[in-house]
Amino acid sequence: MCGIVGYVGGRNAVPVLLEGLSRLEYRGYDSAGVAVLTSAGTQVFRKVGRVRDLEAALPRRLTGKTGIGHTRWATHGPATEANAHPQTSEDGRITVVHNGIIDNAAALRDRLAAQGVSFTSETDTEIIAHLIARSAAPTLEAAVLEALSKINGTYAILVMDTGHPDRLVAARNGSPLILGIGDREMFLASDLSALVRHTTSVVHLDDGELATVTASQFRTFSREEDDTGKSPTSIDLDVLDADTDGHQHYMHKEILEQPSSIERMLRGRLDDRFGTARLDGLNLGPRELRGFRRVKILGCGSAYYVGQMGAAMIEELARIPADAEAASEFRYRNPIIEPDTLYVAVSQSGETADTAFAVREVKRKGGQVIGLVNVVGSTIARESDGGVYLHAGPEIAVASTKALTHMAIGFAMLALTLGRVRDLSIADGQRIIAGLRSLPAQIEEIISNEDAILKVAHNLAESPSLFFIGRVRAFPVAREGAQKFKEVSYRHAEAYQASELKHGPLALICADLPTVAILPDDELTDRNLAAVQQILARSGPVVIVTHQSVDTGEMTGAQVITVPRNERELDPILLTVPLQLLAYHAALALGHDIDKPRNLAKSVTVE
Ligand code: AGP
């Protein structure tokens, strides 16, 4: 998804902007551009393709001490050089980069065209540049405010003005924007990862907030032009983590580092004596925790599927009704917000627009929201009333793996906490704690079987279409397995409840359509084995992902991947790991750009 960088200071802005843009590449984009204030005025360069293509196209001697850059993920108009950012006003005075979507772009465009403005792109961003340039307001800040007052939609923008070469004006509404404070230099970015090389002192702009930034100072203010007086906070980011560390892809690195990242996540959070979890960030005492009568989990894509795993854990351990819903749908159905429901927003990036808007909808109606978030200081983390940080470390591959495992563990700890203030016994609490502690070694064991999983993945990669099946606890595992497989292999992969097969999908079963069956050793094992028999009887190839204790002897022709047994409530976590490796190795065999799958973005900051 779109990324923004900006620089004002004593250095040449060009390498700083390019380095920042390359750090934003993981978010997904289709074109990139920079604009630099030079002695000859603003110079803008845009290119379809990668940041390295943009870099190759820049004149060697391009220098300037103020500049802005952008990676674009097409929304208004296709990925062309003309539609890439930065966008400029007709007179070349105002240059803008923008993340987000202007909802009333068509009406504003018609109005400006009627006033004689000729457009050079199909973007909504160009409208912002024209509106600012045509304002008669006395200052750049006032002109930006006037332009923004005409705009409906979401944005994070940086504005550069040849008339004020010493500054950038920034504004945020619904899309993240962060200011990094350096030593007589300032950085702006839509994502912390573009700042960490330069500074750990940052200011997060809030929605409705603007900033004027020069090399030596900044001022934050509201739309009413009142000072908001923000002061910098420190971030603690391990830059070195964001490296492939000898792996061919980030996705592989991130799958393999799960044992160590989980150990780190659990450290200090499990209370053996009382059989519960210590989640101080929730900001909820036992009495408040007891008061909740329902739990509603909100997330998108894979985070939503893990939310379904979490809902099952909460119902089983705390015996409170819990369900998960796609955050992207939730806020559009005028949801009923209940005071005794605990709302849980789950997100790796903490910037997913659909989830952030759902959080705001809940809060607007007086609901209580906690966040299960990986990126510290992100929008959802800051806007939630409390939460649990996932501590998975930076996740760069677009296809999420370790962050999802951490989310599932976060839900297990939340379920434990909610359960222990209710009817969950201390012994059961200790049983879950022991299970959580076993996860790192058990995941290590699954990973040690990578070669066998790789062979299965190569077979699956040959089929244009696959089913993933599971039921009850294993159904979200099947959904996530199908999601991961389609994201990186581009194969059609669809998840069904095993129980639903005979109600329709069985019609598709044939020798060309393999099924991956998630088959834990639980109360449904026999029924699941019967479903597998039905598929085999119709010549459907089957891969069974199961526990060693399940007797698959009669499943002639099926390939079997086993995982170690944990507590039944935690088994979905382990069953997910081989599916990550299946997806990775299928995509590798097919020669795809695994870390940046086509059409996808790491953090989806537009609706
Ligand atoms: C996961 O592999 C996907 N790329 C995607 O579904 C992702 O989980 C979703 O967009 C939510 O992202 P978030 O966790 O950053 O909110």
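**View 1. Contacts of Ser463 in the predicted model.** Apart from neighbours within four places in sequence, Ser463 is in contact with Arg491, Asp512 and Pro514. The loop that holds Ser463 runs between α15 (450-461) and β22 (465-470). Ser463 has a relative accessible area of 11%; the cut-off for buried is under 20%, so Ser463 counts as buried.

**View 2. Helix α13, residues 402-420.** The helix is made up of 19 residues. From the first C-alpha of α13 to the last is 27 Å, close to the 27 Å expected at 1.5 Å a residue. Helix α13 is mostly covered, with 18 of its 19 residues buried.

**View 3. The C-alpha trace of the whole chain.** Along the principal axes, the trace spans about 80 × 55 × 45 Å. The radius of gyration of the chain is 25 Å, which agrees with the value near 25 Å for a compact globule of 607 residues. The chain contains 18 helices and 26 strands. Of the contacts between residues at least 6 apart in sequence, 71% join residues at least 24 apart.

**View 4. Surface and charges of the chain.** About 23,000 Å² of the chain is exposed, and carbon and sulfur atoms supply 47% of this area. Of the 607 residues, 60% count as buried. The chain carries 62 positive and 76 negative charges, and the mean positions of the two sets are 2 Å apart.

Definitions and conventions
Residues are numbered from 1 along each chain as its sequence is written. This is a predicted model: local features need pLDDT of at least 70, side-chain atom pairs count only at pLDDT 80 or more; totals for chains, interfaces and linings use all residues. Side-chain values use heavy atoms; hydrogens and water are left out. Helices (H or I, at least four residues) and strands (E, at least two) are DSSP runs, numbered from the N terminus. The radius of gyration is taken over C-alpha atoms; the globule rule is 2.2 Å times the number of residues to the power 0.38. Buried means under 20% relative accessible area, exposed over 50%, partly exposed in between (1.4 Å probe, protein chains only). Contact means heavy atoms within 4.5 Å. Accessible areas come from the Shrake-Rupley method with a 1.4 Å probe; for residues, only the protein chains shown count as cover. Lys and Arg count as positive and Asp and Glu as negative; His and the chain ends are not counted. The place of a charge is taken as NZ of Lys, CZ of Arg, CG of Asp or CD of Glu. The expected span of a helix is 1.5 Å times one less than its number of residues.
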